[in-house]
Amino acid sequence: MKTTQQLRSEAGFGHVFLVLLILVMLGVVGYAGYYVFGKNSEFKNAITVNRSNKSNKTSQASWAFDGSAWKAAATPPTCPDPLLSQSPVDISQATAILYPGQTRNQYKPHGGFLFGNNTDNDVDVSLAMDATAVDGVRYLENGTEQYLFDFINDCGIMLRYDHLLTLSDAFQQLADGLPEAKANQSQTTNFSTPKPFKAGDSIASAVGFPDPALNVSMDFGVYDLRKPNEASKNAAYASAHADVKSQAYYGICWLNDLPAADKTAALALPGGDAKAGKTSDYCK
């Protein structure tokens, strides 16, 4: 029979073992953490973790949203100037610009392009800067399959492309690995292995919605994760958009960051939204 002292010693050892086991399990859960980008909602599941692939130094994992702010896991490299080495589309083909930071049915930190002269959906879309594809979604809207992708450059710039219709081979391969498209379900899924791309790489060759109600347009957003934007420093703005702060507090007027000639051409185009026009919380 064991003595009282022996029983106490074993009980103490068991307690220590249980605590160690819980700590190990918490460590595993923390390492496996992830964040999900919602199309028009806050990045609610964001956790600051480093999911970097050591063989891929441009991995998105160096940036994560912790629920309050975007954070870099290490000192980021310097961003290029201008931020965008090229335009995401041929600006001469666009007929209007959707300005970022305005209300269009609901608040939109991103902007976009309208192609009112097109008789089909053919629009070449390319990556505007070196960046890593971090997540995406295929979803059904008005019965048409649409694609959305988010990219992050390690310097702290995030790009969003939405309403892509026909993808390039490289991006179709990425999309094929995403969950099946469902009506009006546009929550993005992280890629298990974020894939780096170069500025100018083809993303899509058609955008928007085909006949019978031809709509040739796409969304394009740019977010500077390095610091909150000026709009977010306004108390009324911050309160009104606190539920989407991971986007709204970091959206920028990307028209100003296009190459010089394209910037001039884009700013000369009319605002694409009939009510909001060129009104913007970011573009002043």
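What share of the contacts in the protein with a separation of 6 or more comes from residues 24 or more positions apart? The share is 71%. This is a predicted model. The protein has 284 residues, and 49% of them are buried. Its secondary structure comprises five helices and 13 strands.

**Nonpolar core**

- The largest nonpolar core holds 65 residues. Phe151, Tyr161 and Leu164 touch the most other members of this core.
- Strand β10 gives the most to this core. Its contribution is six residues, and the strand spans residues 157-167.
- In soluble globular proteins, nonpolar side chains tend to be buried together.

**His163 in strand β10**

- His163 is placed in strand β10. Its phi is positive, near 65°, and His163 is not a glycine.
- Is His163 buried or exposed? His163 counts as buried because its relative accessible area is 10%, under the 20% cut-off.

**Gly111 and its long-range neighbours**

- Gly111 belongs to strand β6, which covers residues 111-114.
- Gly111 has 0% relative accessibility, so it counts as buried.
- Asp219 lies 108 residues from Gly111 along the chain, yet their C-alpha atoms are 5.7 Å apart.
- Leaving out residues up to four places away in sequence, Gly111 touches a run of Met218, Asp219, Phe220 and Gly221. Its other partners are Leu98, Tyr99, Pro100, Arg104 and Trp254.

**Ser87 and the β2-β3 loop**

- Ser87 sits in the loop between β2 (70-72) and β3 (96-98).
- Although in a loop, Ser87 is buried, at 6% relative accessible area.
- Which side chain does the side chain of Ser87 meet in a polar contact? The partner is the side chain of Asp262, at 2.6 Å.
- Asp262 also appears among the residues that Ser87 touches, not counting those up to four places away in sequence. The others are Ser126, Leu258 and Pro259.
- Pro82 is in the loop between β2 and β3 too. The peptide bond from Asp81 to Pro82 is cis, with omega near 0°.

**Other backbone features in loops**

- A cis peptide bond runs from Asp211 to Pro212, with omega near 15°. Pro212 is located in the loop between β12 (202-207) and β13 (217-224).
- Asn184 is not a glycine but has a positive phi of about 55°. Asn184 lies in the loop that links α2 (169-176) and β11 (189-197).
- Asn184 is classed as exposed because its relative accessible area is 61%, over the 50% cut-off.

**Second largest pocket**

- The second largest pocket encloses about 230 Å³ of space. It is lined by 13 residues.
- Which of these lining residues are closest to the pocket centre? They are Pro228, Asn229, Glu230, Ala231 and Ile252.
- The lining of this pocket is mixed: six charged residues, five nonpolar and two polar.

Methods
Residues are numbered from 1 along each chain as its sequence is written. This is a predicted model: local features need pLDDT of at least 70, side-chain atom pairs count only at pLDDT 80 or more; totals for chains, interfaces and linings use all residues. Side-chain values use heavy atoms; hydrogens and water are left out. Helices (H or I, at least four residues) and strands (E, at least two) are DSSP runs, numbered from the N terminus. Buried means under 20% relative accessible area, exposed over 50%, partly exposed in between (1.4 Å probe, protein chains only). Contact means heavy atoms within 4.5 Å. On a 1 Å grid over the protein atoms alone, a cavity is a set of points where a 1.4 Å probe fits but cannot get out, and a pocket is an open set with protein on both sides within 12 Å along at least five of seven lines; lining residues have an atom within 4 Å of a point. Grid points are joined across faces, edges and corners, and a volume is the space filled by probe spheres set on the points. Ala, Val, Leu, Ile, Met, Phe, Trp, Tyr, Cys and Pro count as nonpolar, Asp, Glu, Lys and Arg as charged, and the others, Gly among them, as polar. A polar contact is a pair of N or O atoms within 3.5 Å; within protein, one must be able to donate a hydrogen and the other to accept it, and residues adjacent in sequence count only if both atoms are side-chain atoms. A nonpolar core is a set of buried Ala, Val, Leu, Ile, Met, Phe, Trp, Tyr and Cys residues joined through side-chain atoms within 4.5 Å.
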